[in-house]
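Okay, thanks for coming, everyone. Let me put the structure up on the screen, and then I'll walk you through the bits I liked.

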Amino acid sequence: MSDDFSPKSDFLATLVARGYVHQCSDFAGLDDRAKTGDLTAYIGFDCTAPSLHVGSLVQIMLLRWLQRTGGKPIALMGGGTTRVGDPSGKDESRKILTLEQIEDNKNGIKRVFSKFLTFGDGAKDAIMPDNAEWLAGLNYIDFLRDIGRHFSVNRMLAMDSVKARLEREHELSFLEFNYMCLQAYDFVELYRRHGCVLQMGGSDQWGNIVTGLDLGRRLGTAQLYALTSPLLTTASGAKMGKTAQGAVWLDESLLPVFDYWQYWRNCEDRDIGRFLKLFTELPLDEIARLEALGGAEINEAKKVLASEATAMVHGREAALAAAEAARQTFEEGAIAESLPAVEIDAAEVEAGLGVLAAFVKAGLVASTSEARRQIKGGGLKVNDDAITDERAILTAGDAANGMIKLSLGRKRHILLKLV
């Protein structure tokens, strides 16, 4: 995008202003199309996990802003391509999933999208087709003859997703090599079925997406467009959506709301403005005000980010409850009942439960040996009191209102709930 390009459509103007745009195949052409109010776009999501995590949020927000500015979003489920596996950015093949696992994962992803998009039968309502609808029934010989002949192996080998794997001498299966052909065919099918003219994705998908543009041109579609967002990392270079404890899931059953709120609350100071633009819908002037806060006041901006981002996924009420739990825990030192909880048999505690075992049961440490190391470093607390003796025992006397608060460091807390 040239520095002097000034989008006229609400859609592209929003994306540019908030930092979503990395590359576009034809900014002026796409801007003109978006101005007509007749823009249908898609992003594909393979069904490799039971939910999406924070690493997918930029793509989800692209579809949300498309709908908010008058376009029609398509969240394409990769029920077919999940059986193949996208090699982009990976050094090894994906695990092959069963059809039942793919279906279960697809249902989990649908629940996430219901928080962000309005689905229905209206002209601008979002839809969620599954590429298994057209890929699963393909005749291999017919596909090679009618579609495969349009792909240049020379160009495919030059694509970053393929070239990087080969340069590192990591195996690339023939199955994975076909992935970009299937993704390109998805684009053509979505144009034919739904009038979709734009495919969006992360910058690592650029090669796959423009291959779809080329296939569409060869098969006689209307003008198709490609738009990618930057691959997102934190200011210190960490990958978004991953922490030392695991993925930051968008599903409450996989990650408690409190932990999700805390993830955003703990972001780096340098990321505040960027994250507010990408992951909230606050007006840009309000974001500029929050970004300008300095000193201790920057923590107020982080709380706003945490609450707005959490409300987007889990609802305003849950976000407020998480914020209040954090306030009680960190500012008052109280046991907030809305903290993540793990149920434990009260009889086990009444008989005396070793503190090492308690932290393992709570999931705060992976093993008793890790718990010992944390105790030596002063990292474990029970009801806000540091543990100094690895042989300490928890009893019913440690419970307040049937709960014992366990803490790892200053930011991870679990309630043992006696039942």
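So, to start: how many bridges join strand E10 to E11, and do the two run parallel or antiparallel? Two bridges, and the strands run antiparallel. E10 covers residues 380-382, and within that stretch Lys 381 sits opposite Ala 386 of E11. One thing to keep in mind throughout is that this is a predicted model.

Zooming out from that pair, E10 and E11 belong to an open sheet of five strands, ordered E8-E14-E13-E10-E11, and the pairing is mixed. The edges are strand E8, residues 341-344, and strand E11, residues 385-386; each has a single partner strand, so one side of each has no neighbour in the sheet.

There's another open five-stranded sheet, also with mixed pairing, and its order is E1-E5-E4-E2-E3. Here E1 and strand E3, residues 72-78, stand at the edges, and since each has a single partner strand, one side of each is left without a neighbour in the sheet. E1 pairs with E5 over two bridges, in the antiparallel sense. If you want a residue pair to click on, Cys 24 has Leu 227 in E5 as its bridge partner.

Staying around there, have a look at helix H2, residues 27-35. Its buried residues are Phe 27, Gly 29, Leu 30, Asp 31 and Ala 34. What do they pack against? Helix H1 (10-18), plus strands E1 (23-24), E4 (198-202) and E5 (225-229). Just after H2 you hit Gly 37, and that glycine takes a positive phi of about 80°.

Now some numbers for the chain. We've got 19 helices and 14 strands. Of the 419 residues, 49% are buried. And if you take contacts between residues at least 6 apart in sequence, 73% of them join residues at least 24 apart.

On to the nonpolar cores. The largest has 101 residues, and Phe 113 and Trp 264 have the most contacts inside it. A second, separate core of 23 residues includes Ala 358, Val 365, Ile 375 and Leu 416. Back to Trp 264: leaving out residues up to four places away in sequence, its contacts include Val 54, Leu 57, Met 240, Phe 279, Lys 302 and Ala 309.

Hang on to Leu 57, Phe 279 and Ala 309, as those three are also among the residues lining the largest cavity. How many cavities of 30 Å³ or more does the structure hold? One. The largest cavity has a volume of about 40 Å³. The rest of its lining is Met 61, Phe 116, Tyr 260, Met 312 and Val 313. By class, that's eight nonpolar residues, with no polar and no charged ones. Helices H3 (57-68) and H15 (298-314) each supply at least two of the lining residues, and H15 gives the most, with three.

Last stop, since we're on H3: Gln 67 lies in that helix. Is Gln 67 buried or exposed? Buried, because its relative accessible area is 17%, and the cut-off is under 20%. Ignoring residues up to four places away in sequence, Gln 67 touches Pro 73, Leu 117, Thr 118, Lys 124, Asp 125 and Ala 126.

That's my tour. Over to you.

How values were computed. Residues are numbered from 1 along each chain as its sequence is written. This is a predicted model: local features need pLDDT of at least 70, side-chain atom pairs count only at pLDDT 80 or more; totals for chains, interfaces and linings use all residues. Side-chain values use heavy atoms; hydrogens and water are left out. On a 1 Å grid over the protein atoms alone, a cavity is a set of points where a 1.4 Å probe fits but cannot get out, and a pocket is an open set with protein on both sides within 12 Å along at least five of seven lines; lining residues have an atom within 4 Å of a point. Grid points are joined across faces, edges and corners, and a volume is the space filled by probe spheres set on the points. Helices (H or I, at least four residues) and strands (E, at least two) are DSSP runs, numbered from the N terminus. Ala, Val, Leu, Ile, Met, Phe, Trp, Tyr, Cys and Pro count as nonpolar, Asp, Glu, Lys and Arg as charged, and the others, Gly among them, as polar. Buried means under 20% relative accessible area, exposed over 50%, partly exposed in between (1.4 Å probe, protein chains only). Contact means heavy atoms within 4.5 Å. Two strands pair if DSSP finds at least two bridges between them. A nonpolar core is a set of buried Ala, Val, Leu, Ile, Met, Phe, Trp, Tyr and Cys residues joined through side-chain atoms within 4.5 Å.
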